[in-house]
Amino acid sequence: MAGRAFPARSQLWMCDQSTGQDSAASTSKLPRDMKPEVKELRSVLKKCSLYLIGPMGSGKSAIGKYLAFELGFRFLDTDELIESVENKSISDIFKESGEEGFRDLEAAILDQVQPFIGCCVATGGGVVLRKENWGKLQTGIVVYLEAPVDVLVERLKKDTTRPLLADADDLAERVSSILNARRYLYEQADVTVSIGAGDLVDKVGKEVVRTLTNFIKANPPRAANLHPGNLPQDGK
Ligand code: S3P
């Protein structure tokens with residue numbers, strides 16, 4: 001992406017039309033009837049962000065929206081941001097700039113998103129491929145949505161928006177080979193939540209909340225140090 005003038009962060013937020021507001025962290029709202037277990041989780045997570053990773057069809061966007069709503073976080077979707085900034089579909093970006101061009105944009109968007117806290121970020125399935133992206137993902141808590149190939153295929157069989165699947169003669173074979181190549185990367189996540197056939201967003205979302213709560217209880221020092229703003233003040 002040499003020579004590309006990438007938008008300043010303030011412009012990037014203007015692309016997020018979900019609320020029409022311009023600051024991720026300051027506009028988070030507490031749902032009135034926040035469940036006690038979610039409240040506890042929010043109090044730890046509000047100083048960082050959640051990053052959802054996983055293969056195409058694993059439900060990162062749907063679960064991300066659920067979690068953002070429950071936690072009173074801002075929801076962001078890196079693919080949507082790329083499409084807004086470029087004013088092109090992901091398919092057209094792949095056609096015009098190739099996969100590497102798309103990966104450059106993905107890394108640049110992640111760079112812009114990463115400094116914000118209190119966000120729930122749905123990433124593209126290939127975000128794990130570039131080593132440079134991991135430093136940014138790991139400023140937050142990384143959640144892997146794991147699903148078996150047959151569940152992914154069922155969800156993806158009518159999809160026409162994913163360029164990596166567009167020319168597949170055998171969808172199951174393509175999904176399986178992408179997953180096999182990336183599984184060890186997805187498994188670097190802080191927590192993994194498994195999804196089964198027919199699982200609804202609500203069920204998976206609740207499972208993510210439960211798993212994250214356990215993770216934070218088991219790893220308090222890391223969670224407490226996720227963001228510099230969370231560090232104790234001098235003398236305290
Ligand atoms: C990709 C996944 C897509 C999108 C692009 C490439 C991948 O996002 O970023 O088509 O490499 O797995 P979703 O995981 O949201 O489908």
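Which residues of β5 make up its covered face, and which its uncovered one? That was my opening note for today. I'm working from a predicted model, so I keep that in mind throughout.

**Entry 1: strand β5**

I looked up β5 and found Val191 and Val193 on the covered face. Thr192 and Ser194 sit on the uncovered face. That fits the textbook rule that side chains in a regular strand alternate between the two faces of the sheet. Next I checked the partner of β5: strand β4 (residues 141-146) is joined to β5 by four bridges, and the two run parallel. Within that pairing, glutamate 146 stands opposite serine 194 of β5.

**Entry 2: the whole sheet**

I then asked myself in what order the strands line up. I read off β2-β3-β1-β4-β5, an open sheet of five strands with parallel pairing. β2 (74-77) and β5 (191-194) are at the edges with a single partner strand each, so one side of each has no neighbour in the sheet. On average, neighbouring strands here are turned by 20 degrees against each other, if direction is ignored. As a reminder to myself, strands of a sheet pair through backbone hydrogen bonds, either parallel or antiparallel.

At the β2 edge, I found four bridges between β2 and strand β3 (residues 119-122), again in the parallel sense. Leucine 76 has valine 121 in β3 as its bridge partner.

**Entry 3: the cavity**

How many cavities of 30 Å³ or more does the structure hold? I got one. The volume of the largest cavity is about 60 Å³. I listed its lining as Pro55, Met56, Leu156, Val175, Ile178, Leu179, Arg182 and Tyr186. Sorted by type, that lining gives seven nonpolar residues, one charged and no polar. Helix α8 (residues 171-186) contributes the largest share, five residues.

Leu156 sent me to helix α7 (residues 149-156), where the buried residues are Val151, Leu152, Val153 and Leu156. I looked up what these buried residues pack against, and the answer was α8. Leu156 is thus on both of my lists: it lines the largest cavity and it is one of the buried residues of α7.

**Entry 4: the pocket**

I moved on to the largest pocket, which has about 570 Å³ of space. Its lining has 29 residues, and the closest to the pocket centre are Met56, Lys60, Asp79, Gly124 and Arg162. I had already noted Met56 in the lining of the largest cavity.

Which helix gives the most to this lining? I found α5, with six residues. The helices α3 (60-71), α4 (78-86) and α5 (90-113) each supply at least two. By type, I wrote down eight nonpolar, eleven polar and ten charged residues for the pocket lining. For the cavity lining I had seven nonpolar, no polar and one charged.

**Entry 5: lysine 35**

Last stop was lysine 35, which I located in the loop between α1 (9-15) and α2 (36-45). Its relative accessible area is 30%, so I put lysine 35 down as partly exposed. Leaving out residues up to four places away in sequence, lysine 35 touches Tyr66 and Glu70. I also checked the distance to glutamate 70: the two C-alpha atoms are separated by 8.1 Å, while the residues are 35 apart along the chain.

Notes
Residues numbered from 1 in each chain as written. Predicted model: local features only at pLDDT ≥ 70, side-chain atom pairs only at ≥ 80, totals over all residues. Heavy atoms only, no water. 1 Å grid on protein atoms, 1.4 Å probe; cavity = no way out; pocket = protein on both sides within 12 Å on 5 of 7 lines; lining within 4 Å. Points joined across faces, edges and corners; volume = space filled by probe spheres on them. Nonpolar A, V, L, I, M, F, W, Y, C, P; charged D, E, K, R; others polar. Pairing = 2+ DSSP bridges. Axes fitted to C-alpha atoms, helices over the stretch in contact; angles between N-to-C directions. Buried < 20%, exposed > 50% of the residue type's maximum accessible area, 1.4 Å probe, protein only. Contact = heavy atoms within 4.5 Å.
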